[in-house]
Amino acid sequence: MNTKRISLPFLFFFFLTTIYAREIKVLAIGNSFSDDAVEHYLYQIGAVNGDTLIIGNLVIGGASLELHDNNATQNNPAYSYRKIVNGVRTVTEQTTLEKGIKDEDWDYISLQQVSQNAGRYDTFFPYLPRLIDYVKKHTTNPGMQLVLHMTWAYAQDATHSGFANYDKDQQFMYDKIVETINKVSDELQVPTIIPSGTAIQNARTSSLDDTLCRDGFHLELTYGRYTAACTWYEVLTGNCVVGNTYKPETIDNIKAFIAQISAHFAVVNPNKITNLPVCK
């Protein structure tokens with residue numbers, strides 16, 4: 001009889017993956033920027049490392065914290081609720097914030113400001129504190145952790161009207177986003193920030209240059225979105241994303257490596273741009 005042998009290294013790898021594999025449930029309350037960040041590659045990055053991610057995203061295009069706060073107060077069924085389970089994405093329209101929050105025992109719930117206001121401190125108040133109270137009231141997981149999503153600065157040639165808030169200067173916009181998110185985080189005692197904005201800025205110092213946005217403000221569909229997803233993965237799991245074997249089929253190994261190290265250095269140094277001259 002033919003008997004297949006299983007090598008000791010394989011058993012050791014299987015043993016480690018079984019011990020450290022986790023199920024992580026994360027819900028984003030956002031807009032098209034949370035779509036860019038969590039809906040396309042985050043599940044796959046986790047899956048190849050043995051982690052199962054259940055991902056929710058409550059979306060209204062262009063939604064600000066003020067709009068989310070109004071919808072919470074009025075219980076408006078205004079959201080497109082996207083959910084990824086076992087890699088399968090479903091969409092439920094006309095959903096309320098309360099329904100999405102109560103749908104799972106979320107480990108993490110993320111909040112973010114609309115991109116043009118992400119570096120404007122006054123636009124976070126009084127809306128974000130009220131939203132935080134609302135989320136805490138309706139969560140079904142007493143151990144749920146709130147996180148803030150640091151979004152990215154626009155491309156240098158962006159035509160978005162909100163770019164005028166930052167004198168149409170990418171570096172100035174990035175600096176104001178970093179300053180604002182940290183000030184808000186400290187004041188509201190939400191210590192976890194997902195620094196997608198720094199990851200994108202890191203990648204812009206590489207051979208990718210200023211190509212990370214597809215229209216000046218939304219992320220490029222492959223390596224742009226992949227960079228943000230790598231950032232989310234490393235923050236949520238604590239695992240270094242560099243060397244992760246998943247990448248979108250349409251990008252080469254160099255672009256994948258740039259995305260991974262851009263994300264990793266953003267997590268290590270969230271408030272500072274890391275130049276990547278090796279990738280020029």
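Helix H7 runs over residues 170–188, and its 19 residues take it 27 Å from first C-alpha to last, close to the 27 Å expected at 1.5 Å a residue. The model is a predicted one, and what follows walks through H7 and then a second pair of helices.

Starting at the N-terminal end of H7, the cap is Asp-169, with a side-chain oxygen sitting 3.0 Å from the backbone nitrogen of Gln-171. At the other end, H7 gives way to Gln-189, which has a positive phi, near 55°. Between these two ends, the buried residues of H7 are Gln-170, Met-173, Tyr-174, Ile-177, Val-178, Thr-180, Ile-181, Val-184 and Ser-185. Their cover comes from several elements, including two helices, H6 (127–138) and H8 (196–203), plus two strands, S6 (145–149) and S7 (192–194).

Of these neighbours, H8 can be looked at in a bit more detail. The H7 and H8 axes come within 10 Å and cross at roughly 150°. Angles over 145 degrees count as roughly antiparallel, so that is how H7 and H8 are set relative to each other. As for handedness, H7 passes H8 in a left-handed crossing. Where the two helices meet, H7 brings Gln-170, Tyr-174 and Val-178, while H8 brings Gly-197, Thr-198 and Gln-201. Gln-170, Tyr-174 and Val-178 also turn up among the buried residues of H7.

Further along the chain there is another helix pair to look at. H9 (residues 223–237) and H10 (residues 253–268) have axes that come within 8 Å and cross at roughly 40°. An angle of 35 degrees or more is needed to leave the roughly parallel class, and 65 to 115 counts as roughly perpendicular, so H9 and H10 end up oblique to each other. This time the handedness is right: H9 passes H10 in a right-handed crossing. On the H9 side, the contact is made by Tyr-223, Tyr-226, Thr-227, Cys-230, Thr-231, Glu-234 and Val-235. On the H10 side, the residues are Lys-255, Ala-256, Ala-259, Gln-260, Ser-262, Ala-263, His-264 and Val-267.

One residue of that contact, Thr-227, is worth a separate look. Thr-227 lies in H9, and its relative accessibility is 0%, so it counts as buried. Leaving aside residues up to four places away in sequence, Thr-227 touches Ala-199, Ile-200, Leu-212, Ala-259, Ser-262 and Ala-263. Ala-259, Ser-262 and Ala-263 are among the H10 residues that make the contact with H9, while Ala-199 and Ile-200 fall within the 196–203 span of H8.

Key:
Residues numbered from 1 in each chain as written. Predicted model: local features only at pLDDT ≥ 70, side-chain atom pairs only at ≥ 80, totals over all residues. Heavy atoms only, no water. Helix = DSSP H or I, 4+ residues; strand = E, 2+ residues; numbered from the N terminus. Expected span 1.5 Å × (residues − 1). Buried < 20%, exposed > 50% of the residue type's maximum accessible area, 1.4 Å probe, protein only. Contact = heavy atoms within 4.5 Å. Polar contact = N/O pair within 3.5 Å; in protein donor to acceptor, adjacent residues only side chain to side chain. Axes fitted to C-alpha atoms, helices over the stretch in contact; angles between N-to-C directions. Left-handed = near helix turned anticlockwise from the far one by under 90°.
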